[in-house]
Amino acid sequence: MTRLTTLMLCVALGTIPATAFHETSQAPQAQSTTRLVPVTGVLTDAAGTPLTGAHTIIVTLFDEAEGGTALWVDTLPVTADARGRYAAHLGSGLALPLEIFHSEQARWLGVTVDGHDLPRTMLAAVPYALKAADADTLGGKPVSSFLTTGTDGTVQRFDGTALDGAAVDGSGVAGQIAKWSTATTLSSSVIAESASNRVGVGLPDPTGGGVVDSVFSIKNFDNNTGFAILNETQQRRFALNTTANGGWLLYDGGNNIWNAGLSQRAGNVAIGTTPVSGTKLTVTPAAGGTGIFVNATGSYGVWGSTANGYGTIGQASGGGIGVYGTSDTGYAGYFVGKTFISGNLGVGTAPADKLDVFGNIRVSGCVWNGTTVYSGTCSSDFRFKKNISAFAGTLGKLSQLQPVYFDWRADEFPDQHFGAARSFGLIAQDVEAVLPELVVTDAKGYKAVKYHQLPFHMLQAIKELKTENDTLKQQLLTQTDALKQQLQTQEDRLRRLEALAGK
């Protein structure tokens, strides 16, 4: 069986320059023994028979056990003994670059003899050899790559020769970010960093002496702009400054004026004004302007009245939504919709229920509660349904229900918002007695009828009536056929009697 004995890698101190490998060896050069890697092995032919005597082998270092990239190649003369054993030194012909071993990746030695490739063997390092090779370098670089500072402040090369250019000089304040005050002098800038990793511009303590606990703080130098963003022409199109009342001033570079911006005080926010105590958001538009504009075609967007406690969103000519607070004076029906703080919404009227609409309702889809259909065009494909079962007989039950006319006790139950006009319908207790699944009871014990389910029970009743009618029709036809047959028989007998009497 083809084999290669254990290899030993010894890497001596120091570094050598990277050398491109060649397919043929160069003329032997004087090599330091610390740059040689001793290897031993056994030479065999393709059949596994040991080779003896003088041979020339090709040694190659690979980065993989099979295939991979050839990192170094050399040709060495060796002499094998009677068992095919030989000894050689890698690097005795072509120098062996130590850069090959700087990586932690394994290296594999391949040997070719008489055109026959022997199995590759992984190289093993002698302990400490690789580290020792780097002892006269700093991070793999020679000391000549580094600079020192002379006693006169000049920058020198490692050999003591001066580097062109003046020395860097200057002084600063601890915690201040350095800046170039001249081309060769460093000093403190206006930017400071505290021990708690806070940054300040214009003040050495970003907390302002404990006034604020900010990670980033800016102190104005001219009581004007605290923060600015310049456009291409360096005009202050946006700038920010604080005011005495805690608000922000925004700078309009086009008109060269400061405008009141956003203010905040005690949890209350204001736009264009000082926050009003007890009011979470206050918006004050300019004279004749709009606070929050919603529709560009309307006369105004959002406005309100403290006296009446209402506001509007939309156009002055209608089509908006009225948002009412404590009162509803002077604008009933003026806007399409209104909402009360009680949570009810009215469209075209003051709402008496969660949703109150005055006028037509157009629905293009389905009206349902997620389980039961009330009205509209709704999904009903059998592929959406399971556990399908037919209605039980309901004709007899429906016939027990009695539609009635009645008047609501609106004055006794004002919270129900019953109308004053005479109405009609069913009595829930009567329905519950025959069709309890159509009746629900609220937390106070009052009952309600699921009127939207009545049409389906009526449809079932119609089917039952049709079945009964079809049965009666069939019975009537059968009886009619029998009577016709009897009449025909009687007529036949009568004719026979008449014939006998004539004789």
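**Salt bridges, a buried arginine and model confidence**

Lys466 is exposed, its relative accessible area being 52%. In this predicted model, the side chain of Lys466 takes part in a salt bridge with Asp470, in which the closest N and O atoms lie 2.8 Å apart. Asp470, at 35% relative accessibility, is classed as partly exposed. Both residues belong to helix α4, which spans residues 454-502; because Lys466 and Asp470 are 4 residues apart in this helix, about one helical turn separates them.

Helix α4 also contains Arg495 and Asp492, which are 3 residues apart, or about one turn of the helix. The side chains of Arg495 and Asp492 are joined by a salt bridge with an N to O distance of 2.3 Å. Arg495 has a relative accessible area of 47% and is therefore partly exposed, since the exposed class begins over 50%. Asp492 likewise counts as partly exposed, at 27% relative accessibility.

A further salt bridge links the side chains of Arg383 and Asp381, with N and O 2.8 Å apart. Arg383 is exposed, with 65% relative accessible area, whereas Asp381 is partly exposed, with a value of 26%. Across the whole structure, the search identifies 7 salt bridges, including the pairs Lys466 and Asp470, Arg495 and Asp492, and Arg383 and Asp381.

The surroundings of Arg198 were also examined. Arg198 is located in the loop between strands β12 (185-193) and β13 (199-201). With a relative accessibility of 18%, Arg198 counts as buried, because this value falls under the 20% limit. When residues up to four places away in sequence are disregarded, Arg198 contacts Ala192 and Glu193, together with Pro206 and Thr207. Contacts of Arg198 with Asp213, Ser214 and Val215 are present as well.

Confidence in the model was considered next. The average pLDDT of the chain is 75, and 65% of the residues reach a score of at least 70. Residues 1-31 have pLDDT below 50, although the model shows 100 contacts for this stretch beyond near neighbours in sequence. Over residues 294-301, pLDDT likewise stays under 50, and this segment has 21 contacts beyond four places in sequence. Predicted coordinates should not be read in detail where pLDDT is low.

Key. Residues numbered from 1 in each chain as written. Predicted model: local features only at pLDDT ≥ 70, side-chain atom pairs only at ≥ 80, totals over all residues. Heavy atoms only, no water. pLDDT = per-residue confidence, 0-100. Contact = heavy atoms within 4.5 Å. Helix = DSSP H or I, 4+ residues; strand = E, 2+ residues; numbered from the N terminus. Buried < 20%, exposed > 50% of the residue type's maximum accessible area, 1.4 Å probe, protein only. Salt bridge = Lys/Arg side-chain N within 4 Å of Asp/Glu carboxyl O.
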